[in-house]
Amino acid sequence: MSSRPELETLVRQVASRHHRLLARRLLFLLLAAAATTCALGSMFWLLGGYAVPPAFPLGVAALALIAGFAFWQLRKMSHAAAVAESDRFFGLKDAITSARHLAATAPEDPATELQWKWLVPRLKDCRPETITAPFPKRMAWLSLVMTGLATWLCLQPPSPAIAAAQREAAETQSRIVESKEQLEQLIEALEKDIVAPEDKEALKMDEFRKMVKSIDEHGDRAEAARQFARIEQKVRDSSRALDQKRDEETVKLAAAELAKAEQTDARQLGKKLDAKELKEAAEQLEKLAAKKLEAKDLKDPAAKKEKLTEAKEEVAKMRAISKRLAAAGKQRQGARQAQAGKGEGQQGQGEGTAGERAAGQMAEGKGEEGKPLEDLMAELDDAAAEMEKDLEEMEEDPDAEMSDEPMEKANGALGKLGKHLKGMHGKRMAKSKLDQLRNGLAQAQSFSQGQSQMLGLAQAPGGKEPGTGSSWSERKEKDDSQKNGQLAELKGQHGDGPSLSAVEEAESGTGVSGRRGEAKQREFARQVESFVQRDDVPESLKLGVRNYFEGLQSATPAEPAPKAEK
């Protein structure tokens, strides 16, 4: 290596000058290449109507920088090349190369000193800044033009149709997210209202919660509707599995029978059954359980008589209720047998509904032994009658011993009936919660499709905001039209105008006064439109009103009955 720092400084300056010129040339070249790539690549999105995603030009720019830096590193001038370039450019005829070689191999040689003395005055005229290269005007203009074109293309907005679709997708996504959050809150609120473990098992809220969480938030409206519909169908099937229509009809018949009783306890039980307070009714039935007679109380004749009197009173209360329940059960059994006979008569026509009838029977409430409610009522009455008969025999025969079997049988029948009623109460509460969840899913589906502007599944305590009312004394025969807000005042004279009733005089008429209805088609189009176009009316209510008025418009007058021939 040369011991002269002047030579090394000059060589480094020459290399640096070449590196800067190389970087300038690569800059315009890579800028043009990157801009051309962006312009051509952006056409892929623009031809489809979409805007160019910002990640595309940023990615192209990053790749261009990496490629340019790698190419610059590969094309950088080495130290030996910089020495040779210095000799060539400044016309030193390899003087720098010779001086460095002699200084490295023979520093004490007189030739080395002579070479250095010859080179020193010439180094003063070597200026690295004089090393130049022609400016790449064509490449610079091309890079600027392509950069401007690429920038303009990348900033183009999407087409109106695509923009509308993107806004709809964003709105749908936000609506799905909001629907999921409120459905989860609704499930939590419904689960908090459930106390009994058997009710929680019947509801399967954990399964519904997982299904709600699995809803894809990035799908379109059709996919969102399918997801909500699948969950709603699952909830509907679970609700149908809790259907107990037959037992509810039996309870209704039992309430009607108990209302005819003279005993207060029976009428109170009937009121509870009529009000569907099945849990309270079950507790009242369990209180009717007879107390077991101890053997020591039956030894003394006086104590035995007193205990038998108390037991007969308890059995009398039980019988007063069990007779009414058994009567209701017989009515239900008669209706069931009649329905079964009718089904056998229509077997050829009703094959398609056999599966539905079987599913309905499986869904009805059953006791521990698979018995319907009316059979449990009959079983209770038979056990109470047997217990009453046993007490009467003991009263007639002082030496007779009372068996515990009738009492245990009667108390067991009471327990089964009470447990069955509690199970009905649990299923009824669970079905109510599932119906609320199903309604919430329907609202969420409507909200996610943009058919409603508000979603209030999990209302805060206290209900909604207070509404507005009106006083009839201040209306003054005016009605505010919901169509356009104008007020219409009714004027006229009472009795004028068409009427749906006709009055005949006795002298000229048939002698029979009556009212004859005339079916006339009315114009309800404006009223229907003003109602169904309001945003504050739920979709379910709009549908009901629309069906009602369409039914009125499509109604045809009934044909008059033919007159009987005299």
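**Helix packing and local environment in a predicted model**

Threonine 112 is found in helix H5. In this predicted model, threonine 112 has a relative accessibility of 11% and counts as buried, because the limit for a buried residue is 20%. When neighbours within four places in sequence are set aside, the residues in contact with threonine 112 are Leu102, Ala103, Ala106 and Pro107.

Helix H5 comprises residues 110-123, and its axis comes within 11 Å of the axis of helix H1, which comprises residues 5-46. The two axes cross at roughly 45 degrees. This angle falls neither under 35 degrees nor in the range from 65 to 115 degrees, nor is it over 145 degrees, and H1 and H5 are therefore oblique to each other. Their crossing is left-handed. On the side of H1, the contact is made by Glu6, Leu7 and Leu10; on the side of H5, Trp116, Leu119 and Leu123 take part.

Helix H1 also packs against helix H3, which spans residues 79-90. Here the axes are 9 Å apart and the angle is about 95 degrees. Because this angle lies between 65 and 115 degrees, H1 is roughly perpendicular to H3. H1 contributes Glu8, Leu10, Val11, Val14, Ala15 and His18 to the contact, while H3 contributes His79, Ala82, Val83, Glu85, Ser86 and Phe90. Leu10 of H1 thus appears in the contact with H5 and also in the contact with H3.

Beyond H3, attention turns to the loop that leads to the next helix. Lysine 93 lies in the loop between H3 and helix H4, the latter formed by residues 95-105. The phi angle of lysine 93 is near 55 degrees, which is a positive value in a residue other than glycine. With a relative accessible area of 78%, lysine 93 is exposed, because the limit for this class is 50%. Aspartate 94 is placed in the loop between H3 and H4 as well. Its phi is likewise positive, at about 60 degrees, although aspartate 94 is not a glycine. The relative accessibility of aspartate 94 is 47%, and aspartate 94 counts as partly exposed.

A second packing arrangement involves helices H12 and H13. Helix H12, residues 264-274, packs with H13 at an angle of about 155 degrees, and the two axes are 8 Å apart. Since angles over 145 degrees count as roughly antiparallel, H12 and H13 are roughly antiparallel to each other. H12 passes H13 in a left-handed crossing. The residues of H12 that take part in the contact are Asp265, Gln268, Leu269, Lys272 and Leu273; those of H13 are Leu278, Glu280, Ala281, Gln284 and Leu285.

Helix H13 comprises residues 278-286, and its buried residues are Leu278, Ala281, Ala282, Gln284 and Leu285. Viewed down the axis of H13, these buried residues fall within an arc of 160 degrees, so they line one face of the helix. An α-helix has 3.6 residues a turn, so residues three or four places apart point the same way.

Two further positions show pairs of residues that are separated along the chain. Valine 315 is located in helix H14, which comprises residues 301-345. At 2% relative accessibility, valine 315 counts as buried. The C-alpha atom of valine 315 is separated by 8.3 Å from that of leucine 288, a residue 27 places away along the chain. Leaving aside neighbours within four places in sequence, valine 315 is in contact with Ala384, Met387, Glu388 and Leu391. Glutamate 207, in helix H9 (residues 205-213), is partly exposed, with a relative accessible area of 31%. Its C-alpha atom is separated by 10.0 Å from that of lysine 234, and these two residues are 27 residues apart along the chain.

For the protein as a whole, the model contains 19 helices and two strands. Of the 566 residues, 31% are buried. Among contacts between residues at least 6 apart in sequence, 73% join residues at least 24 apart.

The protein averages a pLDDT of 75, and 69% of the residues score at least 70. Over residues 459-464 the pLDDT is below 50, and this stretch has one contact in the model beyond near neighbours in sequence. Over residues 471-488 the pLDDT is also below 50, but this stretch has 20 contacts in the model beyond near neighbours in sequence. Where pLDDT is low, the predicted coordinates should not be read in detail.

Definitions and conventions
Residues numbered from 1 in each chain as written. Predicted model: local features only at pLDDT ≥ 70, side-chain atom pairs only at ≥ 80, totals over all residues. Heavy atoms only, no water. pLDDT = per-residue confidence, 0-100. Contact = heavy atoms within 4.5 Å. Buried < 20%, exposed > 50% of the residue type's maximum accessible area, 1.4 Å probe, protein only. Helix = DSSP H or I, 4+ residues; strand = E, 2+ residues; numbered from the N terminus. Arc of directions from axis to C-beta. Axes fitted to C-alpha atoms, helices over the stretch in contact; angles between N-to-C directions. Left-handed = near helix turned anticlockwise from the far one by under 90°.
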